[in-house]
Amino acid sequence: MKLLRSDIERYHRMRGRHSPLSTPALLAACLNPRMAPVVLLRLSEFFHEHRLGAVAKLCSMLNVAVFGLETSPQVKIGGGLSLPHTVGTVIGAERIGDNCTIMQGVTLGASEPDMGFTAAMRPVIGNEVFIGAGAKVIGRVHMGDHAKIGANAVVLRDVPAHAVAVGVPATVVSRGVPGISESE
């Protein structure tokens with residue numbers, strides 16, 4: 001529940017609201033079309049952690065059917081997850097850090113068929129990462145904190161912290177400096 005609250009609070013901050021959330025506001029946010037897929041994802045994680053695999057799978061299947069979001073309950077996802085649009089998104093990473101934004105049509109997955117869930121074959125996403133629409137992050141790739149991946153990029157190699165990667169295959173086109181915005 002702590003992670004879900006973090007997800008909802010980030011969603012409200014992104015919409016320009018900075019006041020504390022009341023319990024009714026939290027419940028209402030769970031029904032919002034932007035948050036409902038995240039709620040199902042968190043429920044799936046919860047049931048998986050409590051060894052209720054069938055219920056976890058049901059939540060995952062419901063997410064696929066209703067929102068077009070396929071994810072494994074085994075993915076460790078930090079708080080503040082933002083999924084503005086979910087259709088066609090596949091989340092099969094080992095770990096996703098805090099405050100990440102993943103746009104529609106993104107695939108995070110293994111570089112070869114993996115019918116189980118082999119964490120060592122999956123991407124690791126840092127904190128505050130933005131992944132643009134249609135991007136593919138394939139294989140054991142590490143994305144550093146604050147990295148940005150352009151739309152439709154195909155990431156096959158590590159992306160350092162504060163870098164921007166675009167293209168097919170993705171190449172780093174900008175290396176930001178921690179603490180300095182690009183507009184300065």
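Here are some numbered points on this predicted model, moving from its sheets to its core, its largest pocket and three individual residues.

1. **The five-strand sheet.** A good place to start is the open sheet whose strands run in the order β1-β3-β6-β9-β12, with parallel pairing. At its edges stand β1 and β12, each of which pairs on one side only. Within this sheet, β6 and β9 (residues 136-138) run parallel and are joined by three bridges. If you would like a residue pair to look for on screen, take Thr107, whose bridge partner in β9 is Lys136.

2. **The four-strand sheet.** Another open sheet has four strands, in the order β2-β4-β7-β10, and here too the pairing is parallel. Its edges are β2 (76-77) and β10 (142-143); each has a single partner strand, so one side of each is left without a neighbour in the sheet. Inside the sheet, β4 (residues 95-96) and β7 (residues 124-125) run parallel, with two bridges joining them. Arg95 has Val124 as its bridge partner in β7. As a general reminder, strands of a sheet pair through backbone hydrogen bonds, either parallel or antiparallel.

3. **Strands β11, β13 and β14.** Which sense of pairing, parallel or antiparallel, do β13 and β14 show? They pair in the antiparallel sense, over four bridges. By contrast, β11 (residues 148-149) runs parallel to β13, and two bridges join them. Lys148 stands opposite Val164 in β13, while Ala163 stands opposite Arg175 in β14. The hairpin of β13 and β14 has four residues between the strands, and Gly167 takes a positive phi near 100° there.

4. **Arg175, on the outside.** Arg175 belongs to strand β14 (residues 171-175). Is this residue buried or exposed? Its relative accessibility is 61%, so Arg175 counts as exposed, the cut-off being over 50%. Beyond residues up to four places away in sequence, Arg175 touches Pro160, His162 and Ala163. Pro160 is 15 residues from Arg175 along the chain, and the C-alpha atoms of the two are separated by 7.9 Å.

5. **The nonpolar core.** The largest nonpolar core has 38 residues, and those that touch the most other members are Ile96, Ile102, Leu108, Ile125, Ile131, Met143 and Ile149. Two or more residues of this core come from each of α1 (2-14), α2 (23-30), α3 (36-49) and β13 (163-166). Met143 makes a handy viewpoint: apart from neighbours within four places in sequence, Met143 is in contact with Val124, Ile125, Gly126, Val129, Ile131, Val137, Ile149 and Val159. In soluble globular proteins, nonpolar side chains tend to be buried together.

6. **Val155, on an edge strand.** Val155 lies in strand β12 (residues 154-155), and β12 is one of the edge strands of the five-strand sheet. Even so, Val155 has a relative accessibility of 1% and counts as buried, because the cut-off for that label is under 20%. Setting aside neighbours within four places in sequence, the contacts of Val155 are Lys136, Val137, Ile138, Val141, Ile149 and Ala170. For a distance to check, the C-alpha atoms of Val155 and Gly139, 16 residues apart along the chain, are separated by 8.8 Å.

7. **The largest pocket.** This pocket has a volume of about 390 Å³. Its lining consists of 21 residues, with Lys57, Glu70, Thr71, Ser72 and Ile91 lying nearest the centre. Which element gives the largest share of the lining? That is α4, with six residues. At least two lining residues come from each of α4 (53-67), β1 (69-71), β3 (89-91) and β6 (107-109). Sorted by class, the lining has nine nonpolar, nine polar and three charged residues.

8. **Arg42, a buried arginine.** Last, have a look at Arg42 in helix α3. Its relative accessible area is 6%, so Arg42 is buried. Leaving out neighbours within four places in sequence, Arg42 is in contact with Leu3, Leu4, Asp7, Ile77, Gly78, Gly79 and Leu81. One of these contacts, Ile77, falls in β2 (76-77), an edge strand of the four-strand sheet.

Terms used:
Residues numbered from 1 in each chain as written. Predicted model: local features only at pLDDT ≥ 70, side-chain atom pairs only at ≥ 80, totals over all residues. Heavy atoms only, no water. 1 Å grid on protein atoms, 1.4 Å probe; cavity = no way out; pocket = protein on both sides within 12 Å on 5 of 7 lines; lining within 4 Å. Points joined across faces, edges and corners; volume = space filled by probe spheres on them. Nonpolar A, V, L, I, M, F, W, Y, C, P; charged D, E, K, R; others polar. Core = buried A, V, L, I, M, F, W, Y, C linked by side-chain atoms within 4.5 Å. Buried < 20%, exposed > 50% of the residue type's maximum accessible area, 1.4 Å probe, protein only. Contact = heavy atoms within 4.5 Å. Pairing = 2+ DSSP bridges.
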